[in-house]
Number of protein chains: 2
Amino acid sequence: MKNDLHFDIDIPNNLFNKMVQEREDIGYYNLPSQSLDKLERFEKKFEKKHKNIQNIAVIGIGGSSLGTKAIYNFIKSSKPLKRKLYFLESTDPSTLQNLINDIDIKNTHFLVVSKSGSTIETISIFKYIYNIVNRDALYFSFITEKQSKLHKFAKSIGAKSIFIPQNVGGRFSVLSNIGLLPLKLVGVDIYKLLEGAKRMQVSFFNDGYIKNTLLKKATYVATNYNRYNINTIFAYSQSLKYFCEWFVQLWGESLGKKQNSSSLNVGLTPIGLIGPKDQHSFLQLIMEGVRNKSVTFIMVDDFRLDINIPNISLKHLEELNNINNIAFNTLINKQAKATLKSLQEIDIPIDVITLPTIDELYIGELIYYYELLTSAVGILLDINTYNQPGVENGKIILKEMLK
Amino acid sequence: MKNDLHFDIDIPNNLFNKMVQEREDIGYYNLPSQSLDKLERFEKKFEKKHKNIQNIAVIGIGGSSLGTKAIYNFIKSSKPLKRKLYFLESTDPSTLQNLINDIDIKNTHFLVVSKSGSTIETISIFKYIYNIVNRDALYFSFITEKQSKLHKFAKSIGAKSIFIPQNVGGRFSVLSNIGLLPLKLVGVDIYKLLEGAKRMQVSFFNDGYIKNTLLKKATYVATNYNRYNINTIFAYSQSLKYFCEWFVQLWGESLGKKQNSSSLNVGLTPIGLIGPKDQHSFLQLIMEGVRNKSVTFIMVDDFRLDINIPNISLKHLEELNNINNIAFNTLINKQAKATLKSLQEIDIPIDVITLPTIDELYIGELIYYYELLTSAVGILLDINTYNQPGVENGKIILKEMLK
């Protein structure tokens with residue numbers, strides 16, 4: 001991928017070193033080099049035992065599903081996969097009921113994903129489905145922390161578990177077994193995915209092309225967090241819709257915090273937009289509303305799909321003959337560039353990420369790039385990027401209500 | 001529906017009168033009382049001619065599809081509809097190709113929706129499909145302005161058109177034929193939908209329960225637009241996901257404007273969240289980030305679906321026995337209330353909308369409520385709520401690029 005910044009700023013001296021230091025403790029940094037032995041053994045046994053299974057269903061919420069969904073939807077937009085992947089995450093009764101009606105349960109294997117096993121949405125949905133299949137453990141595998149309560153439960157019913165490293169937080173976990181196992185089982189090339197992440201890692205830590213760009217962008221964003229408090233991604237491909245949702249969690253939950261030194265409330269608000277659709281929705285606000293938004297364009301250079309607007313002249317609509325014979329691939333990127341150009345005329349920070357095409361390599365790069373960027377901004381904002389104390393109170397209140 | 005505000009403010013004297021005045025010129029206000037004769041005649045002929053058609057596909061973008069999608073997805077989550085409704089809006093080649101592969105074109109009728117007929121996404125997709133069906137006009141009907149170029153084109157190929165009133169803007173058009181025709185054709189009860197809108201209209205203009213609440217909320221939002229620049233909806237039902245997208249366009253595109261008197265850039269940033277999913281994503285930022293967000297909870301009181309968490313005690317997970325035997329309907333609303341309670345402890349404006357259940361009546365109320373609210377805020381911000389000059393420049397640049 002490429003990343004062009006349309007702004008400039010000096011990078012603080014110690015920022016890079018602080019990231020090198022963080023890498024020692026924060027587990028996600030080193031996921032690109034993890035051993036896949038256990039995952040491969042798990043998969044081999046799975047394929048032997050369940051070779052006719054047609055669907056995988058993830059029961060998990062937040063960090064246990066958003067990243068997997070992002071990669072799955074990106075890849076499946078451009079190539080057929082060997083299995084379908086479903087996500088069960090909502091306690092909304094209609095949604096749950098409709099999903100269960102849609103899924104052919106007999107041909108589905110469920111992956112229950114929770115670090116601790118105490119996630120209320122995950123366990124309530126698990127109980128519901130466990131009941132439907134008459135408590136048959138064969139339908140389930142578990143992705144959790146070693147020796148967690150969920151792991152112990154899995155053992156007690158004779159179901160398989162695979163583990164998440166303890167120092168990898170939920171929203172940074174997509175390149176751990178949380179994402180890798182379901183993606184592997186449906187046929188996503190996880191080796192290429194990790195290779196992409198690895199390329200980004202090497203480029204960043206070994207003085208490659210992304211190092212300065214990423215540090216500069218982080219510095220600009222963090223320094224101007226008051227003025228440009230909203231960071232939008234404007235992705236010109238529907239296949240990045242769930243990537244945007246993943247980004248919203250990563251950015252919002254990591255960076256919305258009390259400052260370590262001052263306990264001031266800081267934070268940056270993430271918004272995901274899809275082009276050209278949101279030109280007809282959100283663009284007006286960026287152009288003429290309060291100038292508090294940065295925009296990162298993401299474009300796919302080559303969709304590898306040759307479909308053109310046919311050469312048809314429509315009576316009374318001849319002014320639109322200018323799109324005849326143009327590839328949709330060309331049209332959507334021209335739309336992105338026209339929007340970019342119109343936004344360059346106002347005083348907001350803009351940058352452009354270009355993915356060469358839709359495949360595992362580039363989404364691996366993009367994911368790892370955004371994780372590094374989030375870490376860098378967190379350091380500059382002087383916050384703890386990796387916790388989420390603000391959501392605990394609601395959980396305590398709910399527990400009280402359920403008594 | 002009910003709307004409880006957790007804040008108070010004095011309403012400016014002339015706000016209500018200005019809305020009464022606006023109602024004379026701005027077409028959407030009066031849509032609840034429109035005549036449906038033409039739509040009914042259109043439908044009768046359609047059902048005679050196309051009774052075996054199984055799918056309706058809307059070719060349209062922005063205001064031509066968002067509202068229809070919002071209502072369709074809300075209603076279909078709780079009752080079976082007689083036809084499927086598809087939306088073709090993206091120039092993304094993969095999305096377009098995948099959609100066309102999914103749709104059984106032979107059994108589909110396409111509604112081409114564009115006020116002017118010059119919407120580039122709509123016409124390029126139309127041309128593509130028109131070519132696939134060998135320019136057979138039978139596949140298409142048109143929803144457009146009378147005497148528009150698109151209407152003239154439709155006549156030239158012998159296809160039917162139905163019209164949009166000239167004084168109804170795109171993002172306020174869902175209760176015109178733009179939304180009503182596709183919704184009617186798939187079996188949504190549009191009479192109940194309009195009845196809901198009418199109830200809201202009467203309640204507002206004839207001194208009913210909503211008048212003060214709505215004016216107060218608009219005043220609070222507009223007065224504090226600098227401090228609370230981001231307005232989030234936290235909807236506790238997946239069925240409201242596309243309602244949130246509709247809201248984002250309505251709010252963002254209407255209110256992000258240069259002020260009439262000062263040409264200052266004003267505006268409010270809309271964000272749609274879905275609970276409980278986004279408790280695991282965005283909630284941390286609301287709680288501990290910059291306190292620049294208001295939150296409107298939307299809850300569905302009764303999903304009318306009796307599914308419970310079974311009474312299963314899981315070994316090692318006994319602490320979660322507190323959810324046993326609880327209805328998912330109860331759980332999701334308790335989750336909403338727990339989140340609400342935790343947010344009440346910080347200094348942000350909160351209000352709660354409760355929909356009695358999922359049906360046409362209440363989504364009709366909700367839609368009209370938000371339209372009125374947007375108009376009221378627009379008046380207070382001293383802007384033109386109904387135009388979108390900021391998106392024109394991009395269109396001109398694109399035209400240049402396509403030369």
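## Parallel pairing in chain B

Within strand S10 of chain B, Pro270(B) is the bridge partner of Asn231(B). This pairing belongs to a predicted model. Asn231(B) falls in strand S7 (residues 230-235) of chain B, and S7(B) and S10(B) run in the parallel sense, joined by six bridges. Helix H10 (residues 241-255) of chain B lies across both S7 and S10 of chain B, and its direction is at about 175° to that of S10(B).

The two strands are part of an open sheet of five strands in chain B, with the order S1-S12-S11-S7-S10 and mixed pairing. Strand S1 (2-5) and strand S10 (269-274) of chain B each have a single partner strand, so each of these edge strands has one side without a neighbour in the sheet. On average, neighbouring strands here are turned by 20° against each other, direction ignored. As a general point, strands of a sheet pair through backbone hydrogen bonds, either parallel or antiparallel.

## The second sheet of chain B

Another open sheet of five strands in chain B has the order S3-S2-S4-S5-S6, and its pairing is parallel. Its edges are formed by strand S3 (84-88) and strand S6 (160-163) of chain B, each of which pairs on one side only. The average turn between neighbouring strands of this sheet is 25°, direction ignored.

Strand S2 (residues 55-59) of chain B runs parallel to strand S4 (residues 108-113) of chain B, and five bridges join them. The residue in S4(B) that serves as bridge partner of Ala57(B) is Phe110(B).

## Helix packing

In chain A, helix H1 (residues 15-25) packs on helix H13 (residues 360-381) at an angle of about 115°, and the axes are 10 Å apart. The angle makes H1(A) roughly perpendicular to H13(A). The crossing of H1(A) past H13(A) is right-handed. On the H1(A) side the contact is made by Leu15(A), Lys18(A), Met19(A) and Glu22(A), and on the H13(A) side by Ser375(A), Ala376(A), Ile379(A) and Leu380(A). Sorted by class, this contact between H1(A) and H13(A) has five nonpolar residues, one polar residue and two charged residues.

In chain B, the axes of helix H3 (residues 66-76) and helix H7 (residues 177-186) come within 9 Å and cross at roughly 35°. H3(B) and H7(B) also make a right-handed crossing. From H3(B), the residues Gly67(B), Thr68(B), Ile71(B) and Tyr72(B) meet Ile178(B), Gly179(B), Pro182(B), Leu183(B) and Val186(B) of H7(B). The contact of H3(B) with H7(B) has six nonpolar and three polar residues, with no charged residues.

## Backbone exceptions

Two cis peptide bonds can be noted, beginning with chain A. The bond from Gly275(A) to Pro276(A) is cis, with omega near -5°. Pro276(A) sits in the loop between strand S10 (269-274) and helix H11 (283-288) of chain A. In chain B, a cis peptide bond joins Gly275(B) and Pro276(B), with omega about 0°. Pro276(B) is placed in the loop between S10 and helix H11 (283-288) of chain B.

Asn134(A) has a positive phi of about 55°, although this residue is not a glycine. The location of Asn134(A) is the loop between helix H5 (120-132) and strand S5 (140-144) of chain A.

## Relation of the chains and their contact

Two copies of a chain are related by a rotation about an axis and a shift along it. Here, a turn of 180° with a shift of 0.0 Å along the axis lays chain A on chain B with an RMSD of 0.0 Å. This is the relation of a two-fold axis. The residue of chain A that comes closest to the rotation axis is Ile271(A), at 3.9 Å (C-alpha). The same surface serves both copies, since 100% of the contact residues of chain A recur in chain B.

The contact between the chains takes 97 residues from chain A and 97 residues from chain B. On the side of chain A that touches chain B, helix H12 (residues 328-344) of chain A gives the most, with eleven residues. By class, that side of chain A has 39 nonpolar, 40 polar and 18 charged residues.

Note on methods. Residues numbered from 1 in each chain as written. Chains lettered and ligands numbered in written order. Predicted model: local features only at pLDDT ≥ 70, side-chain atom pairs only at ≥ 80, totals over all residues. Axes fitted to C-alpha atoms, helices over the stretch in contact; angles between N-to-C directions. Helix = DSSP H or I, 4+ residues; strand = E, 2+ residues; numbered from the N terminus. Parallel < 35°, antiparallel > 145°, perpendicular 65-115°, else oblique. Left-handed = near helix turned anticlockwise from the far one by under 90°. Contact = placed C-beta atoms within 7 Å. Nonpolar A, V, L, I, M, F, W, Y, C, P; charged D, E, K, R; others polar. Pairing = 2+ DSSP bridges. Least-squares fit on C-alpha atoms with pLDDT ≥ 70 in both.
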